[in-house]
Amino acid sequence: MPPLLLILLQISSSCLWLGRGEVVTSFESSCPQFFFRETPPNDALEPENPAWICQRYENQYYFATLYDRSRRIPVYSAYLYQPGPGKRPKTWLVEPQLMGLSYPKTMEKEWTLLNYFNVTLEQLSKSQAVLQDYKNLTGLNRGHLNPSGHHSDSFSRLATFSLTNIIPQDEKLNGGAWNNYEQQIMMRRTQSCNTTYIVVGAVPGNNYIAKGRVNKPSHIWSSACCEVDNNHRKSWAVIAENDKNEVHMLTLGELEEVLTQLYGRDQVYLFDSDCPRE
């Protein structure tokens with residue numbers, strides 16, 4: 001009969017450890033596969049207090065997120081567009097390693113951390129947004145940057161339900177024009193694509209929810225770099241104000257210019273220069 005400790009470890013690994021969301025020092029060294037030419041956006045979007053998260057489940061990375069620890073929202077998430085049929089998950093997860101690298105590399109339920117890892121809600125909420133922050137919202141809801149519907153299996157869909165991939169989004173936009181872009185326009189635009197790299201992000205705004213804890217972005221944007229074959233590529237982009245049910249189509253170059261103006265820093269580059277800007 002196996003030792004009790006081994007049994008407990010097996011139970012914990014199968015029942016409690018839902019996924020892995022690893023805080024790393026750089027995307028290039030840990031999960032570069034989600035970026036065209038393995039090149040993340042330049043540091044013009046980098047917040048003062050950043051965290052680079054390689055979002056992993058069952059020992060496989062599914063996407064990458066640059067997280068703003070201070071504003072408690074993602075700056076952007078990067079992934080490969082691989083849609084498929086499947087159910088929408090209902091479980092919300094948080095990132096233990098945002099409290100410190102001594103915590104597990106596991107994307108967990110809040111309940112699991114509070115009950116099995118001796119973590120207090122105060123500890124957890126200092127490092128990131130928690131479920132309580134998104135309760136009793138008016139005119140807003142939890143908006144995915146990387147949407148579950150852009151992934152083809154249950155594991156990859158569940159990984160998108162980390163609160164590190166979520167922003168307070170205008171509910172009409174989230175269920176209206178932005179959803180139409182994610183589901184309909186993306187499907188049409190990618191028909192000739194062999195591989196499509198996505199970087200989708202949020203521009204910090206001046207307003208907050210949850211008593212000043214979580215920033216409400218002023219704009220939401222998405223960009224795509226599509227490899228048609230080894231010799232042909234195309235790109236496109238969109239941006240939306242986070243209080244209007246409107247999505248504006250742009251070229252990749254136009255979006256980079258708009259973001260450069262909104263951030264007021266260095267020139268923004270979202271993809272490697274081999275991705276066309278027009």
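In the predicted model, the side chain of Asn146 makes a polar contact with the side chain of His151, at a distance of 2.6 Å. Asn146 itself is placed in the loop that runs between strand β5 (140-144) and helix α5 (154-159). Because its relative accessibility is 0%, and a residue under 20% is classed as buried, Asn146 counts as buried. When residues up to four places away in sequence are not counted, Asn146 touches Phe63, Ser77, Tyr79, His151, Thr160, Asn165 and Val200, so that His151 appears both in this list and as the partner in the polar contact.

One of the residues touched by Asn146 is Thr160, which lies in the loop between α5 and β6 (166-170). Thr160 is likewise buried, with a relative accessible area of 0%. With residues up to four places away in sequence again left out, the residues that Thr160 touches are Phe63, His144, Asn146, Pro147, Ser148, His151 and Asn165. Phe63, His151 and Asn165 are thus touched by Asn146 and by Thr160.

A further residue, Asn207, belongs to strand β8, which comprises residues 207-209. Leaving aside neighbours within four places in sequence, Asn207 is in contact with Val214, Asn215 and Lys216. Asn207 and Phe27 are 180 residues apart along the chain, and their C-alpha atoms are separated by 29 Å.

Turning to the chain as a whole, the model contains eight helices and twelve strands. The radius of gyration of the chain is 19 Å, which is close to the 19 Å that the globule rule gives for 278 residues, and the chain is therefore as compact as a globular protein of that length. Along its principal axes, the C-alpha trace spans about 65 × 45 × 35 Å. Of the 278 residues in the chain, 54% are buried, and Asn146 and Thr160 are among the buried residues. Among contacts between residues at least 6 apart in sequence, 66% join residues that are at least 24 apart.

As for the surface and the charges, the chain exposes about 13200 Å², of which carbon and sulfur atoms supply 47%. There are 26 positive and 29 negative side chains in the chain, and the centres of these two sets lie 8 Å apart.

Note on methods. Residues numbered from 1 in each chain as written. Predicted model: local features only at pLDDT ≥ 70, side-chain atom pairs only at ≥ 80, totals over all residues. Heavy atoms only, no water. Helix = DSSP H or I, 4+ residues; strand = E, 2+ residues; numbered from the N terminus. Rg over C-alpha atoms; globule rule 2.2 N^0.38 Å. Buried < 20%, exposed > 50% of the residue type's maximum accessible area, 1.4 Å probe, protein only. Contact = heavy atoms within 4.5 Å. Areas by Shrake-Rupley, 256 points an atom, 1.4 Å probe, with all protein chains shown as cover. Lys, Arg positive; Asp, Glu negative; His and termini not counted. Charge placed at Lys NZ, Arg CZ, Asp CG, Glu CD. Polar contact = N/O pair within 3.5 Å; in protein donor to acceptor, adjacent residues only side chain to side chain.
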